[in-house]
Structure formats: C-alpha cells, structure tokens
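Subject: Structure for your review

Dear colleague,

Please find below the structure that I am handing over to you. My notes on it follow directly after.

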Amino acid sequence: MTVLFLLGLIVWPALPWIIGGVGVTVAIILWALWLFDEGPITGKRIEVLGPQNSGKTTFLNFLRNKTVTGEATARERYEPFEYKLSNGKTVTIAGGEDIGGGDTFREDYVGKIKESDSIIFIFDIHKYLNGHNKKDKTKDQYVRLTEARFKLVYDHFKDNYPGEIDPHRLVVIGSHRDKLKAGDNKIKGAFYDCIRKNEYKEMFKNFRICDLTNKDELRKIVDSIFDY
C-alpha cells in the first residue's frame, strides 16, 4: 500500500498532461479505486471444533463448496480457499485441519485455539436438550461430554484471549435445529436455562441455532462471523 501511495504521488500530477477533458475525471476515479482497494481479506485461520456427529465437516464443506459425503472425519488436511460473503467481499481462509469429535482429539484443542482467528464450536442442540431429564435433574452421556467441551474451550480460550470475548472470534452453533419443533426463542431459552449457572455461559455471546443443511441459514451465520 505504501509503494502504491508513493507511486501515486509521482504519477498523479502528470495525469492532466496525459489525458484531457472527461478523460481526466475517468482517470482520477479509476486511480482512486485502484489506490484504495484493499483487495480480499486474507489469511483467516479458523478451527471448527465440537463433539462427534455435530456437523463440523458439513460446515467446512459448505465453506469450501464441497459435496457432503456423510462420512465421519478423523483427521483431514485442507488447502487454503476463498469464500465470498453476501456483500461481495472475499475472505481467504488459511489451510487447516478438520478433526474428529472423539476424546482422542481433545489434546489438539489447546494449540488450535491459540493459533486461530476464529473458533467455531458446533454441537447437536437436539441431543443436548433431550439429554436433560428435568424431573430427575440428570444428564445423559452426550450432555456431560458436550458440557465438558464447553468448559475446555472456554478455559483455553480465556487463557489465550483474556478479557471480554469477541463474538467474531468465538462462535457457538447449535446444529440439528430442524429436529426441534419449538421456535428459536423457546429453544434458546431452554438452552440458556441449562447453562446459566456455569462460568462458560460467557462464550455464548454469538450463539446461533440452525439446520446445517439449510444453505441460507449457514450463509447468514458465516456472514456474521467474517463481515465486520
């Protein structure tokens, strides 16, 4: 950008001598667009984390415009790619790794959180809410596992990014919203009621629920992550 600016200082005074009349106006407009165009947003490092079968690979496939295979991912590298936002901006996503949701991958969380610009944590909100027995006040294995991940992500995130959580840096998505019959407000209210006594409730400032097979819903979520 500095080189372009210096070049502009040299070339700009000569423009009226090069082009006359309307041509000067056109040249000035084109020069300004070129000089101040910052180009694509580059190098966004993202990590998509969460329990098994939550939709992590589905989310990454959407970003990369790849067909969903339905196969569970263990560990798969992906190359840098570009994603075009609804407003026309282009976001370049750095190469990374799609990891599974099993316990064996928990040890990867520390490094991935530390090295990322945005963490997208996805869990199955249908399984989570149905795993709570309000009458007996018990939680099934999926709820316990998911809440352990909430705490793990929150603790490591706060260690690396102390202070108020930037909602663009940590985004939580409750997937499989289509399996719940209640409205969004009721679903979110039920969820917040489950986590309100936990310190990690702070990580849900940009909490979204959606059907990951609905591209329009996904597009809105991705825009909210990168368009700021």
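The notes below move from the overall picture to strand E2, the salt bridges, the aromatic pairs and the nonpolar cores.

Overall picture

Please bear in mind that this is a predicted model. The protein contains 9 helices and 11 strands. It has 228 residues, of which 42% count as buried. Its exposed surface comes to about 13,100 Å², and 54% of that is supplied by carbon and sulfur atoms. When contacts between residues at least 6 apart in sequence are considered, 68% of them join residues at least 24 apart.

Strand E2 and its partner

Strand E2 spans residues 46-49 and is covered on both faces. Ile46 and Val48 lie on one side, Glu47 and Leu49 lie on the other, and all four are buried. As a general point, side chains in a regular strand alternate between the two faces of the sheet. E2 pairs with strand E7 (residues 118-124) in the parallel sense, over 4 bridges. Within that pairing, Val48 has Ile120 of E7 as its bridge partner.

Salt bridges

The structure holds 12 salt bridges. One of them involves Glu47 of the strand just described: its side chain meets that of Lys112 at 3.9 Å, N to O. Glu47 belongs to strand E2 and Lys112 to helix H5 (residues 109-115), so this pair ties together parts that are 65 residues apart in sequence. Both Glu47 and Lys112 are buried.

Lys112 also forms a salt bridge with Glu97, at 3.1 Å from N to O. Here the connection runs from helix H5 to strand E6 (residues 96-99), so parts 15 residues apart in sequence are tied together. Why do Lys112 and Glu97 count as buried? The relative accessible area of Lys112 is 10% and that of Glu97 is 12%, and buried means under 20%.

A salt bridge within a single helix is formed by Lys151 and Asp155, whose closest N and O atoms are 2.6 Å apart. Both residues lie in helix H7 (residues 141-160), 4 residues apart, which is about one turn of the helix. Lys151 is partly exposed, with a relative accessible area of 46%, and Asp155 is likewise partly exposed, at 29% relative accessibility. Returning to the earlier residues, salt bridges that share partners join Glu47, Arg75, Glu97, Asp108 and Lys112 into one network.

Aromatic pairs

There are 18 aromatic pairs in the structure. One of these is the edge-to-face pair of Phe123 and Tyr128, with 5.7 Å from centre to centre and 75 degrees between the planes. Phe123 and Tyr128 are both buried. Another edge-to-face pair is made by Phe191 and Phe204, at 5.0 Å centre to centre and 65 degrees between the planes. This second pair links distant parts of the chain: Phe191 sits in helix H8 (residues 184-195), while Phe204 sits in the loop between H8 and strand E11 (207-209), 13 residues apart. Phe191 and Phe204 are also buried. Both pairs fall within one aromatic cluster, formed by Phe121, Phe123, Tyr128, Phe150, Phe191, Tyr192, Tyr200, Phe204 and Phe207.

Nonpolar cores

The largest nonpolar core has 32 residues, and those touching the most other members are Phe123, Ile125, Tyr128, Phe150, Phe191, Met203 and Phe204. At least two residues of this core come from each of H5, E7, helix H6 (125-130), H7, strand E10 (170-175), H8 and E11. H7 provides the largest share, with 7 residues. Met203, leaving aside its neighbours within four places in sequence, is in contact with Phe150, Val153, Tyr154, Ile165, Leu170 and Val172. A second, separate core of 23 residues includes Phe62, Ile122, Val171 and Leu218.

Helix H9

One further residue may be noted in helix H9 (residues 215-226), namely Glu217. Glu217 counts as partly exposed, with 28% relative accessibility. Not counting residues up to four places away in sequence, Glu217 touches Ile209, Cys210 and Asp211.

With kind regards

Technical notes. Residues are numbered from 1 along each chain as its sequence is written. This is a predicted model: local features need pLDDT of at least 70, side-chain atom pairs count only at pLDDT 80 or more; totals for chains, interfaces and linings use all residues. Side-chain values use heavy atoms; hydrogens and water are left out. Buried means under 20% relative accessible area, exposed over 50%, partly exposed in between (1.4 Å probe, protein chains only). Contact means heavy atoms within 4.5 Å. Accessible areas come from the Shrake-Rupley method with a 1.4 Å probe; for residues, only the protein chains shown count as cover. Two strands pair if DSSP finds at least two bridges between them. A salt bridge is a side-chain nitrogen of Lys or Arg within 4 Å of a carboxyl oxygen of Asp or Glu. Rings of Phe, Tyr and Trp (its six-membered ring) pair if their centres lie within 6.5 Å; planes under 30 degrees apart count as stacked, over 60 as edge-to-face and the rest as tilted. A nonpolar core is a set of buried Ala, Val, Leu, Ile, Met, Phe, Trp, Tyr and Cys residues joined through side-chain atoms within 4.5 Å.
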